[in-house]
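Trainee: I should like to request a close look at a single part of this model, set in the context of the whole. Please take the part in detail and then work outwards from there.

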Amino acid sequence: MASLKPLVIATSIDAGQRTAIEYCDKLTGKRVGSLRLTRMVSLGIAEHGSPTLYRVTAGEHHCLGWPRSAWNRWLQNRLMQRQPSAHHALMAPVAVQQLMVAYLCPRPVVLVSIDTPHHRNMFPMDLIGPLSRSGLYSLALRSTNVSAQIMRETGRVALSCIPADMKPMAYKLSEHHKVPLKDWDALPFPVRLSLELGIPAVASALCVHELTLLHSQEIGSHTFFLGRIFSDEPLAHGDQLHHTPGYYQTYRRRQEMPFAEA
Ligand SMILES: Cc1cc2nc3c(=O)[nH]c(=O)nc-3n(C[C@H](O)[C@H](O)[C@H](O)COP(=O)(O)O)c2cc1C
């Protein structure tokens with residue numbers, strides 16, 4: 001993801017002016033959803049597979065079947081109106097439904113750390129991921145985030161891949177999208193320094209990636225960062241925390257292969 005408003009996806013494949021992403025379930029091979037995309041611009045950054053931005057124009061999923069699908073959409077829209085989350089307050093209901101389709105490819109949650117003499121922070125992100133052909137890694141961060149400008153200046157972050165049982169702590173740390181961390185000791189878990197850049201990361205992480213940031217630009221509501229993995233340190237085995245829509249879990253349950261829930 002490159003931005004939520006407008007809803008923009010970055011890819012290292014330039015697939016022409018109009019294209020689509022189809023999401024297929026690995027177990028059944030069946031198509032569970034699709035997004036229609038219109039090309040905006042190629043960023044001309046990497047030699048191979050330069051990232052291209054696509055605006056999402058439509059989306060649908062096939063996890064529930066009619067009428068359950070329509071009923072589910074109605075319930076979700078009503079919930080968004082009654083209890084708008086930060087994402088949902090930002091986006092139109094139709095764009096939230098499209099975003100959920102993108103989560104049919106379950107999105108890993110990481111804790112991002114930034115450390116400078118005057119500013120330190122750690123907060124959760126899931127609008128992240130590799131753009132494989134370009135060798136780049138992208139992050140989409142709300143431009144109102146208290147560390148967005150510091151990230152642009154320092155150009156380095158550590159990403160801790162966290163185990164699923166750290167979900168409550170990861171959600172609690174979302175307050176640090178608005179308020180920086182006072183001290184690393186203020187975290188409710190121990191930290192360890194990342195391999196090369198010495199950035200405090202989660203001690204019990206499954207792996208820690210260090211990232212050097214090469215490019216950033218504002219796209220609507222978000223700052224889109226592109227970087228390269230500087231080091232990759234596997235630390236432990238376990239299930240990493242991921243996000244996927246509830247209707248996909250319903251589909252998987254019907255296949256008798258539900259995802260483990262945290
Ligand atoms: C698990 C998780 C992942 C998140 N991922 C991102 C992200 O990738 N980019 C981003 O800008 N904000 C991300 N957020 C932050 C939220 O969208 C929101 O801005 C933050 O929680 C502050 O919410 P509030 O405005 O309701 O206090 C994430 C939050 C959580 C809990």
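Mentor: In this predicted model, helix 6 is followed by Glu256, a residue whose phi is positive, near 60°. Let us take helix 6 and its end as the part to examine.

The sign of that angle deserves comment. Most residues other than glycine have a negative phi, and most peptide bonds are trans. Glu256 is not a glycine, yet its phi is positive, at about 60°. The residue belongs to the segment after helix 6. Its relative accessibility is 67%, and Glu256 therefore counts as exposed, the cut-off being over 50%.

The helix itself spans residues 246-254, and Tyr247, Tyr248, Gln249, Thr250, Tyr251 and Arg252 are buried there. An α-helix has 3.6 residues a turn, so residues three or four places apart point the same way. In helix 6 the buried residues run from Tyr247 through Tyr248, Gln249, Thr250 and Tyr251 to Arg252. Their cover includes two strands, strand 3 (31-42) and strand 4 (52-61), together with two helices, helix 1 (68-82) and helix 3 (93-102).

One of these covering elements, helix 3, contains Gln98. Gln98 has a relative accessible area of 9% and is buried, because the limit for that class is under 20%. Leaving aside residues up to four places away in sequence, Gln98 touches Leu7, Leu35, Val56, Thr57, Ala58 and Gly59.

The segment before strand 1 offers a second backbone feature. Pro6 is found in that segment, strand 1 itself being residues 8-11. The peptide bond that joins Lys5 and Pro6 is cis, with omega about 0°. Ala2 also lies in the segment before strand 1. With 0% relative accessibility, Ala2 counts as buried. Residues up to four places away in sequence again set aside, Ala2 is in contact with Val8, Ile9, Ala10, Leu53, Ala140, Ile219, His222 and Phe224. The C-alpha atoms of Ala2 and Cys105 are separated by 16 Å, with these positions 103 residues apart along the chain.

Cys105 leads to the cysteines. A search of the whole structure finds 0 disulfides. The closest cysteine sulfur to that of Cys24 belongs to Cys105, and at 11 Å it is too far for a bond. Cys63 is likewise in no disulfide, since the nearest cysteine sulfur, that of Cys24, is 11 Å away and a disulfide requires sulfur atoms within 2.5 Å. Cys24 is partly exposed, with a relative accessible area of 46%, whereas Cys63 is buried, with a value of 1%.

The whole protein completes the picture. It has 6 helices and 15 strands. Its radius of gyration is 18 Å, close to the 18 Å that the globule rule gives for 262 residues, so the protein is as compact as a globular protein of that length. Along the principal axes, the C-alpha atoms fill a box of roughly 55 × 40 × 35 Å. Of the 262 residues, 48% count as buried. Among contacts with a separation of 6 or more, 66% come from residues 24 or more positions apart. The protein exposes about 13300 Å², of which carbon and sulfur atoms supply 53%. There are 27 positive and 20 negative side chains, and the centres of the two sets lie 11 Å apart.

How values were computed. Residues are numbered from 1 along each chain as its sequence is written. This is a predicted model: local features need pLDDT of at least 70, side-chain atom pairs count only at pLDDT 80 or more; totals for chains, interfaces and linings use all residues. Side-chain values use heavy atoms; hydrogens and water are left out. Buried means under 20% relative accessible area, exposed over 50%, partly exposed in between (1.4 Å probe, protein chains only). Helices (H or I, at least four residues) and strands (E, at least two) are DSSP runs, numbered from the N terminus. Contact means heavy atoms within 4.5 Å. The radius of gyration is taken over C-alpha atoms; the globule rule is 2.2 Å times the number of residues to the power 0.38. Accessible areas come from the Shrake-Rupley method with a 1.4 Å probe; for residues, only the protein chains shown count as cover. Lys and Arg count as positive and Asp and Glu as negative; His and the chain ends are not counted. The place of a charge is taken as NZ of Lys, CZ of Arg, CG of Asp or CD of Glu.
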